[in-house]
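Trainee: Could you take me slowly through one part of this model, the charged pairs and what lies around them? I would like the reasoning spelled out as you go.

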Amino acid sequence: MSSGKLGMKAGRPSAAKAGPTLSDLADKAATVRVNFDLDRAEHTKLKIHAAKTGRSIADILRDLVSSIDEKSN
């Protein structure tokens, strides 16, 4: 076997991006992941509501949070 390097590197090829992607250029606000527990019946109720209204659970919860009036506190 030869002791020379073959030019191959370990690691993820996508780790070193060549340039910005379209998603990098978009105007997006910083986000925070929220994680909480619901009992099974509440989750089922939420999923059924989402399916009936044609929206995702995340969209329903975002709308609910945005409807909170900060002045009422």
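Mentor: Let me begin with the cut-offs for exposure, since the reasoning leans on them: a residue is called buried under 20% relative accessible area, exposed over 50%, and partly exposed in between. Please keep in mind that this is a predicted model, and that the values below are computed from it.

With those limits, R55 counts as partly exposed, because its relative accessible area is 33%, and D63, at 38% relative accessibility, is also placed in the partly exposed class. These two residues form a salt bridge, in which the closest N and O atoms are 2.7 Å apart. In general, side chains of opposite charge can pair when their charged atoms come close. The cut-off that applies here is a side-chain nitrogen of Lys or Arg within 4 Å of a carboxyl oxygen of Asp or Glu, and by this rule the count comes to two salt bridges.

The other pair joins R62 to D59, with 2.9 Å between the closest N and O atoms. Both residues belong to helix 3, where they stand three residues apart, about one turn of the helix. Their exposure can be read in the way used above: R62 has a relative accessible area of 53% and is therefore exposed, while D59, at 35%, is partly exposed.

R62 also leads us to the largest pocket, because R62 is listed with V32, V34, A58 and L61 as the residues that lie nearest the centre of that pocket, out of 13 that line it. Two elements give two or more residues to this lining, namely helix 2, which spans 40-53, and helix 3, which spans 57-66. Helix 3 gives the most, with five residues. The space in the largest pocket is about 450 Å³, and its lining, sorted by class, has nine nonpolar, two polar and two charged residues.

V34, from that lining, has a second role in the description, since with F36 and L38 V34 makes a nonpolar surface patch of about 300 Å². F36 sits in the loop that runs between helix 1 (22-25) and helix 2, and with a relative accessible area of 48% F36 is partly exposed.

To set these parts in the whole chain, the secondary structure comes to three helices and zero strands, in the order α-α-α from the N terminus on. Of the 73 residues, 4% count as buried. The chain exposes about 7700 Å², of which carbon and sulfur atoms supply 56%.

Terms used: Residues numbered from 1 in each chain as written. Predicted model: local features only at pLDDT ≥ 70, side-chain atom pairs only at ≥ 80, totals over all residues. Heavy atoms only, no water. 1 Å grid on protein atoms, 1.4 Å probe; cavity = no way out; pocket = protein on both sides within 12 Å on 5 of 7 lines; lining within 4 Å. Points joined across faces, edges and corners; volume = space filled by probe spheres on them. Helix = DSSP H or I, 4+ residues; strand = E, 2+ residues; numbered from the N terminus. Nonpolar A, V, L, I, M, F, W, Y, C, P; charged D, E, K, R; others polar. Buried < 20%, exposed > 50% of the residue type's maximum accessible area, 1.4 Å probe, protein only. Patch = residues over 30% accessible without salt bridge, like charges linked within 9 Å, V, L, I, M, F, W, Y side chains within 5 Å. Areas by Shrake-Rupley, 256 points an atom, 1.4 Å probe, with all protein chains shown as cover.
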